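Me: Please take a close look at one part of this model, the interface between its two domains. I would like a connected account of the contacts there, followed by a word on the metal site.

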Amino acid sequence: MTTIPKEKFVLEMGPSNEGVDKVASGSTVVFESFDCFSNSIQSEEDTFSSIGWANINPATGPLYVEGAEVGDTLKVEILDLEIGDQAAMTTIPNAGTFAKTVDQEKTKIIPIKDGRAIFNEHLSFPIDPMVGVIGTAAANEDIPTGTPGDHGGNLDCKRVEKGATLYLPVNQPGALLSMGDAHSNMGDGELLICGVEIPSVTTVRVTVVKGQEYPLPCIVNEDQFMTLASAETLDDASVKAAENMQSFLIERLQMDPIEAGMLLSAVGDLRVCQIVNPMKTARVEIPKSVVDKYNYAFK
Ligand code: CA
Ligand code: CA
């Protein structure tokens, strides 16, 4: 099995990317990843400013998938997601949702023990690992790994987890998949500005789906189908994610726009992925049973 070591990473996703390894469609690949701080925060004495933005959000890869041509879709099944035994959270003064009150640097180390994240002397919670940064090379320009977009990137969507299948666009030959920035836990919104940041080992199966079947990026798991969208404002991201879901219902389930709109108002959930990155990300979720009732099978 191909393993990509964490030392092979990019800080941008786009035309300048070159594959560090090459596999056939249908292959299983292991991505070892640093945490978003390049593993440089090991104690509460280490602060965000000691790292520098140049070493934030390294994404392991890129992986070249044979047969992936521009206009195709890359299917990424997350088969396994293992995390390290120590996580970190940091503040960035005057940034994030609480910019008015969070005005100094602070680091919290969060040990992971027996499947729980030890938050403080009162609180621990079960780990719920997710991948924050995952994407293919963007079409027209190199996009920093801290920014989300149609290519994926820093989506910070907690549904990107073990058991999920993520579909991404192929904008460059070979797709050039990269990922990193895992969290042991993150709430919708990622309000402070970081998740519970942790190194990871992610095992995925990558498959080329010819053409574009779905509005991208999108996710399927056991119970839900989700469309994701990123934009400068959460309002715009929300509308785009909803329009993407509506277009799926129209194009793949042959609903008319009004029926699709009514359905989404009835059972579609608009949720926030994150509001702290350069572009904000929203998602719309529908029960997978809706898709099943129309006898549609995901490719
Ligand atoms: Ca992130
Ligand atoms: Ca993160």
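Reply: Three salt bridges are found by the rule across the interface of domain 1 and domain 2 in this predicted model. In a salt bridge of 3.2 Å, N to O, the side chain of arginine 283 meets that of aspartate 188. Polar contacts across the interface of domain 1 and domain 2 involve nine residue pairs, both residues at pLDDT 80 or more. On the side of domain 1 that touches domain 2, two or more residues come from each of strand S14 (148-149) and strand S16 (165-169). S16 gives the most to that side, with three residues.

As for the extent of the two parts, domain 1 covers 28-208 and domain 2 covers 218-289. Their C-alpha centres are 22 Å apart, and the contact takes 27 residues from domain 1 and 21 residues from domain 2. Between them the domains bury about 1,700 Å², with 55% of it on carbon and sulfur atoms.

Turning to the metal site, the calcium ion (ligand 2) has protein donors from Asp181, His183 and Glu197, at 2.1 to 3.1 Å. The spacing of these donor residues in sequence is D-x1-H-x13-E. Aspartate 181 also coordinates the calcium ion (ligand 1), which lies 3.3 Å from the calcium ion (ligand 2). Aspartate 181 is in strand S17 (residues 175-183), whereas glutamate 197 is in the loop between S17 and strand S18 (200-209), 16 residues apart. Aspartate 181 counts as buried because its relative accessibility is 2%, and glutamate 197 likewise counts as buried at 2%.

Definitions and conventions: Residues are numbered from 1 along each chain as its sequence is written. Chains are lettered from A and ligands numbered from 1 in the order in which they are written. This is a predicted model: local features need pLDDT of at least 70, side-chain atom pairs count only at pLDDT 80 or more; totals for chains, interfaces and linings use all residues. Side-chain values use heavy atoms; hydrogens and water are left out. Donors are N, O and S atoms within 2.8 Å of the metal (3.2 Å for Na, K and Ca); water is not among the atoms, so sites may look incomplete. Helices (H or I, at least four residues) and strands (E, at least two) are DSSP runs, numbered from the N terminus. Buried means under 20% relative accessible area, exposed over 50%, partly exposed in between (1.4 Å probe, protein chains only). Domain bounds come from an automatic or database domain assignment. Contact means heavy atoms within 4.5 Å. Buried area is the accessible area (1.4 Å probe) that two parts lose on being put together, summed over both. A salt bridge is a side-chain nitrogen of Lys or Arg within 4 Å of a carboxyl oxygen of Asp or Glu. A polar contact is a pair of N or O atoms within 3.5 Å; within protein, one must be able to donate a hydrogen and the other to accept it, and residues adjacent in sequence count only if both atoms are side-chain atoms.
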